[in-house]
Amino acid sequence: MIVVDDIHKHFGGFRAVDGASLTIREGSITGLIGPNGAGKTTLFNVIAGHLKPTSGRVTMGGEDITGLPPHELFHKGLLRTFQIAHEFHSMTVRENLMMVPGDQTGETLVNAWLKRRQIAREEEALRRKADEVLEFLTISHLADEKAGNLSGGQKKLLELGRTMMVDAKIVFLDEVGAGVNRTLLMTIADAILRLNKERGYTFVVIEHDMDFIGKLCDPVICMAEGKVLAEGTLDEIKANEQVIEAYLGT
Ligand code: ADP
């Protein structure tokens with residue numbers, strides 16, 4: 001689905017990504033692991049259009065998408081989740097979801113003024129969709145809660161929910177487990193699995209929690225020093241000497 005071919009991303013003289021190549025299979029949940037500073041987030045940002053690579057190529061279904069801006073990738077169904085921005089904290093969970101399509105496709109609010117009745121209908125459809133998403137994620141009870149009041153894990157579920165408002169094809173998730181309690185982490189893992197199995201989402205997940213990776217990811221790709229070190233099942237990766245030396249042994 002996605003082929004990353006010899007991507008370099010240099011910051012000044014520093015090679016954050018230094019010739020990374022990998023393939024993301026359609027329908028997979030691919031795990032990206034590696035020590036801090038390995039270049040995982042930078043590579044994510046290159047693939048998802050938030051950073052232009054110094055060199056190299058990214059294709060999606062054979063089409064060159066290198067350097068396309070995030071909103072164009074969004075239209076192709078490629079999304080990278082982000083923390084809920086501070087300015088959305090005072091909006092409710094449902095409102096945060098309802099914001100997604102117009103917000104990200106670049107439709108202007110002027111349209112809303114010009115076509116009130118149509119907008120009212122669209123709003124109703126959006127509200128229904130938001131409620132379906134909340135039900136799928138088992139957080140319907142949080143619909144009217146202000147996003148700023150959510151716990152870390154609940155915010156992650158909301159981030160995942162935002163991708164469901166637009167029927168994503170491939171979603172890049174960065175450090176889902178950071179600061180999230182065990183129970184909620186497994187709820188998030190379950191939501192990811194269901195999105196994968198029931199809705200056909202492909203995922204690429206950066207994560208340090210090996211239980212989480214083990215439950216979800218096949219294959220697992222390990223990066224170190226800007227390059228792909230190894231790829232395989234988690235067991236294969238854990239037994240790989242280079243991976244042990246660069247990451248697991250530390
Ligand atoms: P990882 O996600 O694997 O922890 P990152 O991609 O965040 O690694 O970072 C890789 C390296 O690139 C780090 O040493 C980091 O300090 C550096 N880096 C990331 N972004 C920038 C930037 N905008 N400017 C300079 N250096 C950066």
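Start at the boundary between domain 1 and domain 2 of this predicted model: select the residue pairs in polar contact across it, and you should find five, both partners being at pLDDT 80 or more. Now look for salt bridges across that interface; the rule finds zero.

Next, colour the side of domain 1 that touches domain 2 by element. Helix 2 (70-75), strand 7 (170-174) and helix 7 (182-199) each give two or more residues to this side. Which element gives the most? Pick helix 7, which supplies nine residues. Recolour that side of domain 1 by residue class, and its residues divide into 13 nonpolar, six charged and three polar.

Zoom out to take in both domains. Domain 1 is made of two stretches, 1-77 and 168-250, while domain 2 covers 85-167. If you place a marker at the C-alpha centre of each domain, the two markers lie 26 Å apart. For the contact set, select 22 residues of domain 1 and 16 residues of domain 2. Together the domains bury about 1,600 Å² between them, and 72% of that area is on carbon and sulfur atoms.

Now centre the view on the ligand. Show the residues that surround it as sticks: Phe-11, Phe-14, Ala-16 and the run Pro-35, Asn-36, Gly-37, Ala-38, Gly-39, Lys-40, Thr-41 and Thr-42. Three distances to oxygen atoms of the ligand are worth displaying here:

- From Ala-38, a backbone N or O atom lies 3.1 Å from a ligand oxygen.
- From Gly-39, a backbone N or O atom lies 3.0 Å from a ligand oxygen.
- From Thr-42, a polar side-chain atom lies 2.5 Å from a ligand oxygen.

Leave the ligand and turn to charged pairs. Side chains of opposite charge can pair when their charged atoms come close. How many salt bridges does a search of the whole structure find? The search returns 12. For one of them, select Arg-94 and Asp-144, whose side chains meet at 2.8 Å, N to O. This pair links distant parts of the chain, 50 residues apart: Arg-94 is in helix 3 (residues 93-105), and Asp-144 is in the loop between helix 5 (116-136) and helix 6 (152-164).

The last two stops concern the backbone. Most residues other than glycine have a negative phi, and most peptide bonds are trans. Where does Pro-219 lie? Go to the loop between helix 8 (210-216) and strand 9 (220-224) to find Pro-219. A cis peptide bond joins Asp-218 to Pro-219, with omega about 5 degrees.

Finally, jump back to strand 1 (residues 2-11) and select Asp-6. Is the phi of Asp-6 positive or negative? Asp-6 has a positive phi of about 55 degrees, although Asp-6 is not a glycine.

How values were computed:
Residues are numbered from 1 along each chain as its sequence is written. This is a predicted model: local features need pLDDT of at least 70, side-chain atom pairs count only at pLDDT 80 or more; totals for chains, interfaces and linings use all residues. Side-chain values use heavy atoms; hydrogens and water are left out. Domain bounds come from an automatic or database domain assignment. Contact means heavy atoms within 4.5 Å. Buried area is the accessible area (1.4 Å probe) that two parts lose on being put together, summed over both. A salt bridge is a side-chain nitrogen of Lys or Arg within 4 Å of a carboxyl oxygen of Asp or Glu. A polar contact is a pair of N or O atoms within 3.5 Å; within protein, one must be able to donate a hydrogen and the other to accept it, and residues adjacent in sequence count only if both atoms are side-chain atoms. Helices (H or I, at least four residues) and strands (E, at least two) are DSSP runs, numbered from the N terminus. Ala, Val, Leu, Ile, Met, Phe, Trp, Tyr, Cys and Pro count as nonpolar, Asp, Glu, Lys and Arg as charged, and the others, Gly among them, as polar. A residue is near a molecule or strand if one of its heavy atoms lies within 4 Å of it.
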